[in-house]
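Got the viewer open and a selection box ready? Let's take a walk through this one, stop by stop.

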Amino acid sequence: MTRPDDEKHLRHAFAVAETSRLGGDHPFGAILVGPNGVVLMEQGNGFSAEGGDRTAHAERLLASRAKAYDSAFLAGCTLYSSAEPCAMCAGAIYWSGIGRLVYGQSEASLKAITGNHPENPTLDLPCRAVFAAGQRAVEVIGPMLEDESAALQRAFWAGEPEA
């Protein structure tokens, strides 16, 4: 079920993705919001910052950093992601204990934009399928504001210069 601040927080994740792009990295961003609506942490894509680490996706890095909080608290938190988490990131979100996910662009839409780019060989597996295989529920909202989210990706993966 959507919440009143979902769009605001999702746009914050978009801003983190844009900051990541401006820093020379892939345009993905995620934020973790506590049960009271306060932003706890944010994370851009770490592919370049981590020396070409293809597993340094924003959502996985954020889920790993979330260990600063106990699982009971994380169950009430929401991770907002500029794009649907891939299977790896969905697994990290699941194992971290985060209870809710809101994402912008779907994995299928992202794949249509990136094609077979060697830096993003997209796994077209919906995060809902990953979560459904688990033993605890993760609420998923998305895609949401998909056109805005997709706009973050188009120019980057086409190799166009920054605006």
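What follows is a short tour of charged pairs, a helix pair, some cysteines and a loop. Keep in mind as you click around that this is a predicted model.

**Stop 1: the start of H1**

Select Asp6 and Arg100 and show their side chains. They form a salt bridge, with the closest N and O atoms 2.8 Å apart. Now colour by secondary structure: Asp6 sits in helix H1 (residues 6-22) and Arg100 in strand E4 (residues 100-105), so this pair links distant parts of the chain, 94 residues apart. Are these two buried or exposed? Arg100 counts as buried at 2% relative accessibility, and Asp6 counts as buried too, at 1%. Add Glu139 to the selection, and you have a network of salt bridges linking Asp6, Arg100 and Glu139.

Next, pick Asp5 and Lys8. Here is another salt bridge, with 3.9 Å between the closest N and O atoms; the cut-off is 4 Å, so the pair counts. Turn on a surface and you'll find Asp5 partly exposed at 36% relative accessible area, while Lys8 is exposed at 51%. If you want to hunt for others, the structure holds 6 salt bridges.

**Stop 2: H1 against H7**

Move along H1 to Arg11 and select Glu148 with it. Their side chains meet in a salt bridge, 2.6 Å from N to O. Arg11 lies in helix H1 and Glu148 in helix H7 (residues 146-158), so the pair ties together parts that are 137 residues apart in sequence. For Arg11 the relative accessibility is 36%, which counts as partly exposed, and Glu148 is partly exposed as well, with 35%.

Now hide the side chains and look at the two helices as cylinders. How do H1 and H7 pack? Their axes are 10 Å apart and meet at an angle of about 10°. That makes H1 roughly parallel to H7. To see who does the touching, bring back Arg11, Phe14, Ala17, Glu18 and Arg21 on the H1 side, and Glu148, Ser149, Leu152 and Phe156 on the H7 side. Colour that contact by residue type and you get 4 nonpolar, 1 polar and 4 charged.

**Stop 3: the cysteines**

Select the cysteine sulfurs. How many disulfides does a search of the whole structure find? The count is 0. Centre on Cys77: the nearest cysteine sulfur belongs to Cys127 and is 17 Å away. Cys77 is buried, with a relative accessible area of 1%.

Then jump to Cys86 and Cys89, and put a distance label between their sulfurs. For Cys86, the closest cysteine sulfur is that of Cys89, 3.7 Å off, which is too far for a bond; a disulfide would need the two within 2.5 Å. Cys86 counts as buried, at 10% relative accessibility.

**Stop 4: the loop ahead of H7**

Last, a bit of backbone. Most residues other than glycine have a negative phi, and most peptide bonds are trans. With that in mind, select Gly142 and Pro143: the peptide bond between them is cis, with omega near 0°. Pro143 is in the loop between strand E5 (139-141) and H7.

Stay in that loop between E5 and H7, which also holds Leu145. Check its backbone torsions: Leu145 has a positive phi of about 55°, although it is not a glycine. Leu145 is also buried, with a relative accessible area of 19%, just on that side of the 20% cut-off.

Definitions and conventions:
Residues are numbered from 1 along each chain as its sequence is written. This is a predicted model: local features need pLDDT of at least 70, side-chain atom pairs count only at pLDDT 80 or more; totals for chains, interfaces and linings use all residues. Side-chain values use heavy atoms; hydrogens and water are left out. Buried means under 20% relative accessible area, exposed over 50%, partly exposed in between (1.4 Å probe, protein chains only). Helices (H or I, at least four residues) and strands (E, at least two) are DSSP runs, numbered from the N terminus. Axes are lines fitted to C-alpha atoms, for helices over the stretch in contact, and angles run from 0 to 180 degrees between N-to-C directions. Angles under 35 degrees count as roughly parallel, over 145 as roughly antiparallel, 65 to 115 as roughly perpendicular and the rest as oblique. Contact means heavy atoms within 4.5 Å. Ala, Val, Leu, Ile, Met, Phe, Trp, Tyr, Cys and Pro count as nonpolar, Asp, Glu, Lys and Arg as charged, and the others, Gly among them, as polar.
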